[in-house]
Every structure is written in C-alpha cells, then in structure tokens.
Amino acid sequence: MSDSESGSGANFDFTKAWRDWIVKNEREWSESLSRMMKDETIARALGQEVNASVHRQQMVSQAMAAPMAAMNLPTRDDIVALGERVGRLEDAVARVEALLVQMKGGGSPVSRTRQPPSKPASSS
Amino acid sequence: MTTLEELYSSSGEDFQALIEEMERETAVTPKELIYVDGTLRLYHYLPQTDDIYRMPLLIVMSLVSKPYIFDLTPGQSLIEHLVRAGFDVYLIDWGVPRSEHKDVDLANYVADWIPDCIAQVQQHSGEKDVNLLGYCLGGTLTSLYAALEPDGPVRNMLLLATPINGEGLSSQRSMLTSGGLDPDLIVDKLGNVPASMVEAGFQRLRPMQKTSGQMMLLNNLDNRAFLKAHLRITRWGADALPFAGAAFRTFANDYILGNKIVKGEFELRGRRLSLADIHIPVLHVLAEHDHVVPRESSDDLVRLISSEDKEEWVIKGGHVSLVTGAGAVTRTWPRLVEWLQTRSV
C-alpha cells in the first residue's frame with residue numbers, strides 16, 4: 001500500500017504508520033544505541049551481565065539436576081547430550097555418503113577449457 | 001483491512017506452510033558430498049555448463065554462520081550464479097561444533113582443515129591450482145592460510161567483508177577492554193560459546209533491527225514474495241552457530257584485543273604470520289553500511305598484502321547485501337564473475 005493510500009481518510013491505519021516510522025528510523029536508533037553501548041561503563045556492565053548469566057546458568061543447571069531426575073524429566077544437559085549424539089550419527093552417515101560418492105567415480109567429466117567471454121573463442 | 005484483521009486472516013497454518021516452502025527452496029543447487037572430517041563437510045556443486053573454467057573455486061564460510069546464505073534460493077543464490085557462469089565450485093561447511101570440539105582452535109581451521117580441503121579439491125578436480133573465496137570470518141581464515149602458505153596452490157583470492165583489524169570491531173572490543181566480558185570464563189565454564197550467545201552478539205551490533213524487521217513483516221503480510229525474501233534473511237541471521245571454545249579464546253585475545261593480525265604478530269603453532277607474505281591477486285569487496293564487519297575492521301587488508309594485483313571494492317548496502325539481494329544479483333555478482341573469469345583459466 002502506498003503512502004497516499006495509507007494516509008487517506010477513514011482507511012488510515014495508525015499502527016501501520018507507526019511501524020513505518022520505526023522502520024524508517026531504525027538505522028539511526030540502532031547506531032545511537034550501539035554508540036551508547038560502546039561507552040566503557042555500559043560495555044563493562046553488559047559484559048559483566050554476560051559473565052553473571054554464565055554463572056547463573058551453571059548454578060540453576062546444578063540445582064535443577066536432582067529435582068528433574070526425581071520427576072523423571074530430562075535436563076537441558078540431557079537434551080544437549082542427545083543432540084550431540086545425533087550430531088555424531090549424522091557425521092557417520094555423512095562419511096558413508098562421501099564414500100559412496102567416491103565409489104561412484106570421482107572427478108568431473110566436464111572439460112576445463114572454458115575461456116572468459118572477452119577472449120577469442122579460437123583458443124579453445 | 002486493518003492490521004489486526006490482516007493478522008487474524010493470516011493463520012498459523014499458512015505461516016507454517018510458508019516456512020516449509022522456504023526450507024524446500026533453500027540450498028537446492030545440485031551438489032555432492034565429497035569429503036567429511038568430523039563436523040566438516042566439503043561439497044562439490046555439479047557443473048551446469050558444457051565446459052568449465054580450469055581452476056576450481058573453493059568457498060570458505062564463516063565459523064559462526066551457516067553456509068546456506070550462499071545458496072539461499074534459486075535466483076538468489078551466489079553458488080547457482082557461479083555454477084551457471086561456468087565455475088567449478090566447492091564449499092566448506094564447518095558444521096556445528098559439539099562439546100568435544102571445545103579445544104578446536106583457529107590453527108585447526110587454518111593449518112589443518114583448509115589445507116585438507118584444498119588437497120581434496122585438487123584430487124577431485126585433477127587441478128593443482130585453486131582459487132579461494134572467503135566470506136566474513138571465512139575470509140579471515142582464508143587470508144591467514146594464504147599468509148601461512150604463500151607458495152601454496154592458491155592462485156587468486158576473492159574476499160567478502162573480511163575483518164582483520166581487531167580495533168575496528170569497536171563494539172566487540174569495548175566489551176572486552178572495559179573489563180566486563182571475560183572470554184576465558186565463558187570458555188572455561190561452557191566449553192564452546194553457545195549459538196544463543198553468538199546471535200545475541202550479532203543483535204547487539206544493530207539492536208533495533210529485529211524489531212524493525214518484525215514491523216516490516218506486519219506491514220507486508222499480504223505480500224507473499226516480500227515475506228519469503230525477508231524471512232529467508234532473518235531466519236539465516238538467527239541461525240548462528242556455536243563458536244568452538246579455543247578458537248573463540250584466540251579470536252578474542254589475539255585478534256580483537258591484541259590486534260595481532262594487523263600488527264603482524266599473529267602466531268599459528270609457533271609461526272608468526274604476516275599478510276605482507278601474500279602475493280597472489282586479491283579482490284576484497286566491502287559493504288558501505290556493514291554493521292557486522294565495519295570498514296574500520298576490514299579496510300586495512302588490501303593495504304597490508306603485497307600483491308601487485310589487488311583491489312578493494314565498496315558496494316552500497318550491508319553485510320548480507322554482498323551475498324544476496326537484488327543489488328547482489330544485478331551488480332555485485334556480475335562483477336565478481338568478471339574478476340574471477342580471467343583468473344580461472
């Protein structure tokens with residue numbers, strides 16, 4: 001919908017205009033926020049929050065391990081371990097696939113004589 | 001129709017169908033898997049022309065992003081474009097590091113896996129000369145490899161948005177220099193840096209972009225083509241990969257804090273690497289409004305290498321505009337093809 005349509009009388013959609021305004025100004029706002037986050041105090045606070053979240057995550061994981069086991073539910077670590085096991089299986093299947101491709105016959109049968117369009121065709 | 005009506009009329013099933021349709025259309029350029037080492041996959045894209053250029057082209061992807069951005073969808077795929085232009089294209093997909101990969105360092109990528117993949121490409125193609133294309137951190141790895149093996153098989157290097165100056169990555173650097181973020185603590189406690197943390201790091205570089213993207217989506221609910229194009233990019237942006245622990249430690253300490261690549265002090269297994277040792281032709285393409293790899297972090301590359309045939313080209317747009325989007329298809333890719341054509345025979 002064009003600007004003229006979105007702004008015409010009864011059909012005017014205020015929320016759409018508001019969203020358009022956000023989209024138009026996003027770059028400037030993002031740049032301002034990024035500049036702000038480069039300030040040493042703010043950057044330190046953000047960094048420390050990341051560090052703290054790492055500790056928090058570990059503490060919660062350890063604290064939840066026993067209750068989750070008691071409830072017969074998997075923890076995040078269990079799910080991650082399962083995902084990694086699937087990853088190792090995928091690697092094994094990929095190795096078989098690559099071997100099959102190799103057995104089928106390696107190398108490209110296409111001739112490697114292509115020349116750039118600007119060069120005379122007589123060279124090929 | 002008001003926005004709320006639009007929202008209600010767009011049912012969850014429709015949206016799910018759209019996502020599934022997008023997934024079916026992603027990474028569909030025909031390829032075969034020719035080499036696997038742990039999580040690493042080396043793919044060969046099947047030629048689609050009667051003849052191909054002599055030198056194969058090996059694409060090296062970033063460590064923290066998935067490579068399907070190179071093969072997003074037919075018509076928006078750099079790989080499809082290159083294959084149709086007659087190039088013999090290979091791609092390294094580093095895969096998703098797991099807990100057992102926490103000790104994988106940048107040295108493994110640069111001194112072990114890139115040479116392994118080049119050897120595989122040489123064997124598969126039957127050619128000893130290889131061209132490299134590196135994107136983002138993949139470009140950094142590619143440059144380090146070229147500095148490590150200046151007399152190796154690489155004949156030309158095409159780099160896209162390649163950061164080498166740690167001081168230029170000012171957002172990331174400010175968190176480290178302020179005494180806030182502790183990379184050693186993260187690696188010691190978590191092993192690898194989780195994908196969620198990597199994605200949050202990207203978001204911090206342009207904090208309002210996600211909100212703005214959601215607003216844009218709401219305003220274009222009736223435009224299916226727009227929705228798909230927009231969702232493809234945002235989905236890729238949110239699909240970050242974990243950063244292998246030791247590699248992140250080196251990246252944070254040596255590259256960002258120490259700025260050792262630019263200073264010529266970056267060491268790999270006891271060997272000091274200097275970009276001045278690179279003598280092969282290089283084209284470095286940057287984006288004017290790249291918030292992920294700002295120009296201050298990538299501008300020095302062409303200055304520091306010793307190649308006589310070297311060029312820096314700045315395009316309009318952002319980080320992703322280099323590898324996808326209307327501008328990439330009509331302006332950037334034809335120029336890349338033109339540069340590569342004469343250097344691939």
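Which residues touch the most other members of the largest nonpolar core? In this predicted model, that core holds 66 residues, and the best-connected of them are B:Leu42, B:Leu58, B:Trp94, B:Tyr109, B:Phe243 and B:Ile278. Helix α4 of chain B, spanning residues 106-125, puts in nine residues, the largest share of this core. There is also a second, separate core, this one with 46 residues, among them B:Val83, B:Tyr135, B:Trp236 and B:Val337.

B:Leu58 gives a good look at the packing. Leaving aside residues up to four places away in sequence, B:Leu58 touches B:Leu42, which is itself on the list of best-connected core members. Its other contacts include B:Tyr90, B:Leu91 and B:Ile92, then B:Cys117, B:Ile118 and B:Val121, and finally the run B:Val130, B:Asn131, B:Leu132 and B:Leu133.

One of those neighbours, B:Cys117, leads on to the cysteines. Counted over all chains, the structure has zero disulfides. B:Cys117 is in none, and the nearest cysteine sulfur, belonging to B:Cys136, sits 19 Å away. The reverse holds too: for B:Cys136, also in no disulfide, the nearest cysteine sulfur is that of B:Cys117, at 19 Å. As for exposure, B:Cys117 is buried, because its relative accessible area is 0%. B:Cys136 counts as buried as well, since its relative accessibility is 9%, which falls under the 20% cut-off.

Next comes the interface between the two chains. Here 57 residues of chain B are in contact with 49 residues of chain A. About 4,700 Å² is buried between them, with carbon and sulfur atoms giving 56% of that area. On the chain B side, B:Arg98, B:Met208 and B:Asn219 together supply 12% of the area buried against chain A, more than any other three residues.

Which interactions cross this interface? The rule finds seven salt bridges between chain B and chain A. A salt bridge joins the side chains of A:Arg88 and B:Glu100, with an N to O distance of 2.7 Å. Polar contacts across the interface amount to 26 residue pairs, both partners being at pLDDT 80 or more.

In terms of secondary structure, the elements of chain B giving two or more residues to the side that touches chain A are strand β1 (31-37) and helices α4, α6 (170-177), α7 (183-190), α8 (195-205) and α9 (209-219). The largest share, six residues, comes from α9(B). Helix α4 of chain B thus shows up in both parts of the picture, giving residues to the largest core and to the side that touches chain A.

Note on methods:
Residues numbered from 1 in each chain as written. Chains lettered and ligands numbered in written order. Predicted model: local features only at pLDDT ≥ 70, side-chain atom pairs only at ≥ 80, totals over all residues. Heavy atoms only, no water. Core = buried A, V, L, I, M, F, W, Y, C linked by side-chain atoms within 4.5 Å. Buried < 20%, exposed > 50% of the residue type's maximum accessible area, 1.4 Å probe, protein only. Helix = DSSP H or I, 4+ residues; strand = E, 2+ residues; numbered from the N terminus. Contact = heavy atoms within 4.5 Å. Disulfide = S-S within 2.5 Å. Buried area = accessible area lost by both parts, 1.4 Å probe. Salt bridge = Lys/Arg side-chain N within 4 Å of Asp/Glu carboxyl O. Polar contact = N/O pair within 3.5 Å; in protein donor to acceptor, adjacent residues only side chain to side chain.
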